[in-house]
Amino acid sequence: MDWLGPAEWNALALSLRVSFWATLVSLPPGILVAHALARGNFPGRQLLNGIVHLPLILPPVVTGYLLLLTFGTRGPIGGFLNETFGIVFAFRWTGAALAAGVMAFPLMVRAIRLSIEAVDPKLEQAGATLGASRVWVFLTVTLPLILPGIIAGSILAFAKAMGEFGATITFVSNIPGQTQTVPSAIYAFLQVPGGESSALRLVLISVAVAMTALLVSELVATRVARRIGGR
């Protein structure tokens, strides 16, 4: 990408790295939580649903500050990880991945949950009557059927992580080459004279990524809706 300058390329490369790991690490718990919300009937289910979707309601800056309090080097979890394993999230790219993953998690869970709810429970019950365990039924029956939703949820989460700004900049600041993702770089470029062209190029990239994710998610949502209607 010769039309991108070094600072722009560094921000884009870091955003891709952050978004990839945010999506990858969020996927296993996202599937588990989505399955629990779609099929589970347990005390606290609504509370779990509220906690999962809380980042969509809270101001991103609040989410970032809560992450700083929790995962900072003086926080209960961050301090333990730093002292025990030498893992630091605050003001590191790993912290940017954590913040992006938290903000994208509700979108991922929602897409996967929709796919699970579209699966006919009778198919899962049939597997259980043949003596298969719940885990084996999920792996052999449910998982293949919800794969489109998993893919769509992952793409949507990736795009959300690419565009995350408020929580990220609050938790890890805006350090060029270390924590400066595309949204942070756009903000930085707009603060200096002559930076509008660089900001515009990154804005176009962000729009392209977001539109692609929305189109793919819409296609999957349409497919799931048809499956539900065909029951």
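**Note on the predicted model**

1. At 4% relative accessibility, E8 counts as buried. The cut-off behind this label is a relative accessible area under 20%. This value, like the others in this note, is computed from a predicted model.

2. The side chain of E8 is paired with that of R201 in a salt bridge, with an N to O distance of 2.8 Å. Because R201 belongs to helix α10 and E8 to helix α1, this pair ties together parts that are 193 residues apart in sequence. The partners fall into separate accessibility classes: R201, at 24%, counts as partly exposed, whereas E8, at 4%, counts as buried. A reader inspecting this contact in the structure should therefore expect the arginine to have a relative accessible area between the limits of 20% and 50%.

3. A search of the whole structure finds two salt bridges. Besides the pair formed by R201 and E8, there is one in which the side chains of R113 and E117 meet, at 3.1 Å from N to O. Here both residues lie in helix α5, which covers residues 93–118, and they are four residues apart, about one turn of the helix. The R113 and E117 pair thus sits within a single helix, while the R201 and E8 pair joins helix α10 to helix α1. E117 counts as partly exposed, with 31% relative accessibility.

4. Helix α10, the helix of R201, spans residues 196–229 and also contains L215. L215 is exposed, having a relative accessible area of 54%. Together with L200, V203, L204, V207, M211 and L214, L215 makes a nonpolar surface patch of about 650 Å².

5. The largest pocket has a volume of about 380 Å³. The elements that give two or more residues to its lining are α1 (6–39), α6 (121–129) and α7 (134–163). Of the elements, α7 gives the most to this lining, with six residues. Helix α1, one of the contributors to the pocket, is also the helix that holds E8.

6. In total, 13 residues line the largest pocket, and those nearest its centre are H35, R134, V135, V137 and F138. By residue class, the lining divides into seven nonpolar, three polar and three charged residues.

7. Helix α7 also holds A161. With a relative accessibility of 7%, A161 counts as buried. A161 and A104 are 57 residues apart in sequence, and their C-alpha atoms are 5.9 Å apart in space.

8. Two loop residues deserve a look at their backbone angles. F91 has a phi near 60°, a positive value in a residue other than glycine. F91 lies in the loop between α4 (76–85) and α5, and at 41% relative accessibility F91 counts as partly exposed.

9. S173 has a phi near 65°, again a positive value in a residue other than glycine. S173 is placed in the loop between α8 (166–172) and α9 (182–189). The relative accessibility of S173 is 29%, so S173 counts as partly exposed.

Technical notes. Residues are numbered from 1 along each chain as its sequence is written. This is a predicted model: local features need pLDDT of at least 70, side-chain atom pairs count only at pLDDT 80 or more; totals for chains, interfaces and linings use all residues. Side-chain values use heavy atoms; hydrogens and water are left out. Patches are made of residues with over 30% relative accessible area and no salt bridge: like charges are joined within 9 Å, nonpolar side chains (Val, Leu, Ile, Met, Phe, Trp, Tyr) within 5 Å. Accessible areas come from the Shrake-Rupley method with a 1.4 Å probe; for residues, only the protein chains shown count as cover. A salt bridge is a side-chain nitrogen of Lys or Arg within 4 Å of a carboxyl oxygen of Asp or Glu. Buried means under 20% relative accessible area, exposed over 50%, partly exposed in between (1.4 Å probe, protein chains only). On a 1 Å grid over the protein atoms alone, a cavity is a set of points where a 1.4 Å probe fits but cannot get out, and a pocket is an open set with protein on both sides within 12 Å along at least five of seven lines; lining residues have an atom within 4 Å of a point. Grid points are joined across faces, edges and corners, and a volume is the space filled by probe spheres set on the points. Ala, Val, Leu, Ile, Met, Phe, Trp, Tyr, Cys and Pro count as nonpolar, Asp, Glu, Lys and Arg as charged, and the others, Gly among them, as polar.
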